[in-house]
Amino acid sequence: MDIKKQFIDGKWVYSNAKNSREIINPFNQKSIAQVTESNETDAKTAVAAARKAFDYGDWAYMSSLERGKIVRKIAELIERDKEELATLETLNTGKTLEESRWDMDDIACVFHYYADLAQQKCEEIIDSQVPNSVSKVVYEPVGVCAQITPWNYPLLQASWKLAPALVAGNTLVMKPSEITPLTTIKVFELMEEAGVPKGVVNLVLGPGHTVGAELSVHTDVDLVSFTGGLETGKKIMQAASSNVKKVALELGGKNPNIIFADADFNTAVDQAMNAVFFHAGQICSAGTRIIVEESIHDTFIDALVRRVKNIRLGNGFEESTEMGPLISKEHLQKVISYVKDGIEEGATVAIGGRQPESEELKAGFFYLPTVLTDCTTNMSVVQNEGFGPVITVEKFSTEEEAIILANDSPYGLSGGVWTQDLAKAERCVAKMRMGTVWINDFNIYFPQAPWGGFKQSGFGRELGKTGLQEYQEQKHVFHNLQPEAMNWFGTEDR
Ligand SMILES: NC(=O)c1ccc[n+]([C@@H]2O[C@H](COP(=O)([O-])OP(=O)(O)OC[C@H]3O[C@@H](n4cnc5c(N)ncnc54)[C@H](O)[C@@H]3O)[C@@H](O)[C@H]2O)c1
Ligand SMILES: C[N+](C)(C)CC=O
């Protein structure tokens, strides 16, 4: 098997450490690729290449329109190779092929969206208080960006960083999760084909505590954009203080899904499942925390359990499969102990709560879709992100109580409200402390709408115009059209 390489300064190269890592299919634990394993020295070399391309290359000074053309070309190449990319994503993550295809469509849209934004003006005239002067704000790239991504939506999360950074004129070093690098490697091939100049985009592979940590602390990096877990986010924020680099953190969530008694019952049950069980619950914004009105609690749970029982687990490449495996053995163990802790704290397993027994799933990291009832906010299973196919259910009896429960979390990424009373929905939304709130829906995201968290779900925004501004510096330029001496300090002959 060929060993896949890093991409530094326009060349595909092995790590100087000469180590490699086996990439595993989580459905059957079979090896699907070997990739070179970068180390701190590779990270430094990649930063040096990005620095040189930023400081001495043309990219940052090229017209935004020209950069937009290249970003558009990347979108078109992703569309051309959609099936290959979706297949790689399913092989590497275990998610269903249909979900991977949706991801690839979303990813192409993100590159198109930022290519469109490249056509918008990059400066703005502002009022000047001084006669005979021009005052304007110009938007410039931040510089060298480190971009660190997680394993759950490998290429989608990469695209949210790559497209705006490129349109804005930055150079970058990306480090994907060490366990899911394959689609990111392929997109670097496509960026090379699209004509991104040498040194502008650099790719290092390998572990976070070495390569990621080096990128976060390196003083030639001007911005670090990170998507991943809360504890890693805290470390990155600390490391970034080395040179006060800009930081954007997209972290986890334990997202409330409030269901009022007057909601459209069947739709709410159906969407409560979608909110969690896509990609086996390994979604930052999964609606894993159901908060349901007491009067419908029992009927809601009964209906949910009847539906959850029928979810078909299997190989993401089989059309009949509705839910794939978890990403790794370590992650499966984490989900097992998460549920065990919940049960010890008083939660009741309404369905699931264990690994499946069927022979054909034995080689994969499967966990049954699980619903835990009798949950209260103080339980670890309600407070912590499990990142698996696990729903916790709490009850409320008043609107105020629903809001208090929903906000009782260290996280603030997303949430949902189900009701047919629109005024009530708006009152709830106004009080919910989350970066995204859905009314009568869940887990909708698209390129035009900013994405990011409140509280410990992080800061900074991806997508939308704000997603571009994260990668821009604002420079105020004041031009005096009629300069005159002021003589405050007198004149030479006084
Ligand atoms: N808010 C969002 O938009 C969003 C989207 C996707 C995933 N997530 C979150 O990501 C987490 C799951 O992803 P994960 O398990 O890959 O997260 P993780 O924090 O373990 O790893 C994320 C990335 O950080 C790297 N890393 C690890 N230690 C590092 C260090 N010390 N310095 C620098 N980099 C380091 C990893 O190698 C990986 O590339 C969940 O918490 C999920 O909610 C958030
Ligand atoms: C941001 N999102 C929803 C695409 C993936 C979160 O894990």
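**View 1. Two domains whose centres sit 31 Å apart.** Taken over C-alpha atoms, the centres of domain 1 and domain 2 are separated by 31 Å. This is a predicted model, and its protein chain is split into domain 1 (3–251 + 457–478) and domain 2 (256–439). Zoom in on where they meet, and you'll find 15 residues of domain 1 in contact with 20 residues of domain 2. On the domain 1 side, the elements giving two or more residues are α3 (82–93) and α4 (97–117). Sorted by class, that side of domain 1 comes out as five nonpolar, eight polar and two charged residues.

**View 2. Ligand 1, lodged between the domains.** Both domain 1 (3–251 + 457–478) and domain 2 (256–439) hand over residues to the shell around ligand 1, so the ligand lies between them. There are 31 residues around ligand 1, and the ones that come nearest are P150, G208, G212, G228 and T232. If you're picking which residues to label, those five nearest ones are a handy set.

**View 3. Helices α7 and α8 at the ligand 1 shell.** Here we stay with ligand 1 but look at its helical neighbours. α7 (208–217) and α8 (230–240) each put at least two residues into the shell. Of these, α7 gives five residues, the largest share of the shell around ligand 1. And the chemistry of the whole shell? It divides into 11 nonpolar, 15 polar and five charged residues.

**View 4. Ligand 2 and its surroundings.** Around ligand 2 you'll see N152, Y153, L156, I283, C284, S285 and Y445. By class, the shell around ligand 2 holds five nonpolar and two polar residues, with no charged ones. Domain 1 (3–251 + 457–478) and domain 2 (256–439) each contribute at least three residues to this shell.

**View 5. Helix α9 crossing helix α10.** The axes of α9 (residues 265–277) and α10 (residues 294–308) come within 10 Å and cross at roughly 55°. That crossing angle makes α9 oblique to α10. As for handedness, α9 passes α10 in a right-handed crossing. On the α9 side, the contact is made by V269, A272 and M273, while α10 brings F300, A303, L304, R307 and V308. Put together, the residues of this contact split into seven nonpolar, no polar and one charged.

Key:
Residues numbered from 1 in each chain as written. Chains lettered and ligands numbered in written order. Predicted model: local features only at pLDDT ≥ 70, side-chain atom pairs only at ≥ 80, totals over all residues. Near = placed C-beta within 6 Å. Helix = DSSP H or I, 4+ residues; strand = E, 2+ residues; numbered from the N terminus. Nonpolar A, V, L, I, M, F, W, Y, C, P; charged D, E, K, R; others polar. Domains from an automatic or database assignment. Axes fitted to C-alpha atoms, helices over the stretch in contact; angles between N-to-C directions. Parallel < 35°, antiparallel > 145°, perpendicular 65-115°, else oblique. Left-handed = near helix turned anticlockwise from the far one by under 90°. Contact = placed C-beta atoms within 7 Å.
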